[in-house]
Amino acid sequence: MLYKKRTHTCGELRALHIGQSITLTGWVDTRRDLGGVIFIDVRDRYGKTQVVFNPQNHEAIHALAKELRTEFVISVSGTVEKRPAGTENAKLLTGEIDVLADGLTILNKAETTPFPIEDKLDTNEDLRLKYRYLDLRRAPMQQNLLLRHKMYQITRRYFDEHNFIEVETPILMKSTPEGARDFLVPSRINPGKFYALPQSPQTYKQILMVAGYDRYFQIVKCFRDEDLRADRQLEFTQIDVEMSFVDEIDIQTIVEGLMQRFMKEIKGIDVITPFPRLTYKEAIEGYGSDKPDLRFDLKFSDFSAMVKDSGFKVFADNVKKGGVVAGFTVPGGASYTRNQMDNLVEFTKSLGVGGLAYIKLTEKGIETAIEKFLGAELCKNICDIAGAKTGDLVLIISDAWQKAYTTLGVLRLEMAKRLNLIDDNKWNLHWVVDFPMFDYSEEEKRHVAMHHPFTSPKPEDAHLLDTDATKARARAYDLVMNGNEIAGGSIRIYDSALQSKVFGLLGIGPEEAKMKFGFMLDAFRFGAPPHGGIAFGLDRMAMLFAGVKSIRDVIAFPKTASGISLMDENPSEVDKKQLDELHIKLK
RNA sequence: GGGGUCGUAGCUCAGUUUGGUUAGAGCGCUUGCCUGUCACGCAAGAAGUCGAGGGUUCGAGUCCCUUCGGCCCCGCCA
């Protein structure tokens, strides 16, 4: 079809264009047919411009404009005019002018859309996902994708300036036993063998260090076959970084520089470096999370020592077993009704702990069901330690160290939400450091790497690997923004003997290590430099910068919580012929 | 694997508690009128597998069972 190409975008025209003959292309956003004159807002990703069809100006074009409906694709030509006094639209950047049409081509018609293309859309997410191309026409979604684009550009510019080189690593890689469940890809040429999609390019980037590429970065898709969440997709994007001849501070400094750049260029905010550091222990014992949200306080207190020899068996026995009794103060919480407290207790129990104890500090003094076990004085002391004032409420949990604190951590977040303590305009960035090397997996009955199996222990803790490995701390660090883990990394092991030892502690014997990671151990025998790195969750960062609740809103084509792409109905069944070629038989 | 919640017109929702007339509203859509609107206005109209299947009942949107799907959370996510 012949049509006039645009001379300007729909967000471009201003008073200075008045009198010019121009052409716009785009979608019909709204039409207002007043019988005589017809107004059309034509929209593209740059903005909206009002076009006027006046029968006195051009009768045939006006007649054609009668046919226009929402989301028709048009090319429209005309003269830029100053709007009559009093009819300017301050809501549009182009609102000072409109275009008096003298030419119109309908490039394509559109059926009525399943939902309106508007900024403040109120509809179910499954519809938005099914008709993603319509959802992506909306300005907020276009801004989100533009934000991502900006992040890619900032990242590439920043690392290039700092002498990093971008290297692509394979998408078809070797399956590794550790970590998340792999996505497997059957090999047609090698019957019975499988590639895996990378959970991260970890091994490749370390081998690039051995190869002498001392500063590497990549914006890279990663894949993990685990259950999805608001902030987790099966495939997601990392900014992957690795450096040689560095320690923690070197990596963190580079990261802080990039974060400064992001904050400045995206949010217009100057952030101060270096960011505060919290040890893992401080984070858990203070806030119940390895990614604490420090935009608000609600810090925990430990009551274990006080209640250890009290008459309250539940508390005392737990502490004697090595558990903790801890809690925090809810400002103004003493006014909670019985119903509200029951609700809170139920919420806590749903998190998998036995219960929630609490003390209200009212005008009349302490009010609590545990007074009869602990005595008034001890209850008062607990309130003092927790910093509770009259009118406050102290929540207390007694359980094993990890369980008690992580449950308090969830409660802390819940209370912050209920009390509206989270300031959305606040940006909090901090490091969590000194993670343990290992975590014990009840399910697998063995130690698993807290970060990953290539993470180096802290030199002063290296001896613990031979005696009490669970106490050994790793040279690992996470970057936390507003209670979200947005980056995590470590200084790696570069000594093959130490690497073998760590594999051993993870229950990976010499044979298995050779089979699964032999190539890495080999590489380390030929001159591996000290190295370390980090990886950012780009989607999560984009979500926070965009101020949205789910990473689905910053991903062009995301999947649902059950891993389905509603638009193209993926995953789907395949022909038997395809399976045969891949030597696969369905159960 | 488990828990919670939602599913009624194209969209957002009411109706479900206590089964009973022809399942309603707003927006959108269609048609007509309307020459400065911008959430245009006015008038009329069309539009329903009450997510699906089964059951109880004289009768089911409503009660029971099964199932599918969306969202949130726990587990899981080196």
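In what order do the strands of the five-stranded open sheet lie, and with what pairing? In this predicted model, the order of that sheet is 12-13-16-14-15, and its pairing is antiparallel. Strand 12 (301-302) and strand 15 (365-367) form the edges, each pairing on one side only. Within the sheet, strand 14 (residues 357-362) is joined to strand 16 (residues 393-399) by four bridges in the antiparallel sense. One residue of this pairing is Tyr358, whose bridge partner in strand 16 is Leu395. Helix 9 (residues 313-320) packs on the sheet and touches strand 13 (324-330), strand 14 and strand 16. The direction of helix 9 makes about 50° with that of strand 16.

A further open sheet contains eight strands, arranged in the order 6-9-10-22-21-20-17-11, with mixed pairing. Strand 6 (165-166) and strand 11 (277-279) stand at its edges; each has a single partner strand, so one side of each lacks a neighbour in the sheet. In general, the strands of a sheet pair through backbone hydrogen bonds, in either a parallel or an antiparallel manner. Strand 17 (residues 429-433) and strand 20 (residues 476-481) run antiparallel and are joined by five bridges. His430 has Val480 of strand 20 as its bridge partner.

Two helices lie across strands of the eight-stranded sheet. Helix 6 (residues 248-267) crosses strand 9 (215-223), strand 10 (235-244), strand 11, strand 17, strand 20, strand 21 (484-491) and strand 22 (531-537). The angle between helix 6 and strand 22 is about 30°. Helix 7 (residues 280-287) lies across strand 11 and strand 17, and runs at about 80° to strand 11.

At the surface, Tyr133, Phe557 and Met567 make a nonpolar patch of about 310 Å². Met567 is placed in the loop between helix 17 (538-546) and helix 18 (576-581). This residue counts as partly exposed because its relative accessibility is 32%, a value between the limits of 20% for buried and 50% for exposed.

For chain A as a whole, 18 helices and 22 strands are assigned. The C-alpha trace spans about 95 × 75 × 50 Å along its principal axes. Of the 587 residues in the chain, 48% count as buried. Among contacts with a separation of 6 or more, 68% are between residues 24 or more positions apart. Chain A exposes about 29,500 Å², of which carbon and sulfur atoms supply 51%.

Key
Residues are numbered from 1 along each chain as its sequence is written. Chains are lettered from A and ligands numbered from 1 in the order in which they are written. This is a predicted model: local features need pLDDT of at least 70, side-chain atom pairs count only at pLDDT 80 or more; totals for chains, interfaces and linings use all residues. Side-chain values use heavy atoms; hydrogens and water are left out. Two strands pair if DSSP finds at least two bridges between them. Contact means heavy atoms within 4.5 Å. Axes are lines fitted to C-alpha atoms, for helices over the stretch in contact, and angles run from 0 to 180 degrees between N-to-C directions. Patches are made of residues with over 30% relative accessible area and no salt bridge: like charges are joined within 9 Å, nonpolar side chains (Val, Leu, Ile, Met, Phe, Trp, Tyr) within 5 Å. Accessible areas come from the Shrake-Rupley method with a 1.4 Å probe; for residues, only the protein chains shown count as cover. A salt bridge is a side-chain nitrogen of Lys or Arg within 4 Å of a carboxyl oxygen of Asp or Glu. Buried means under 20% relative accessible area, exposed over 50%, partly exposed in between (1.4 Å probe, protein chains only).
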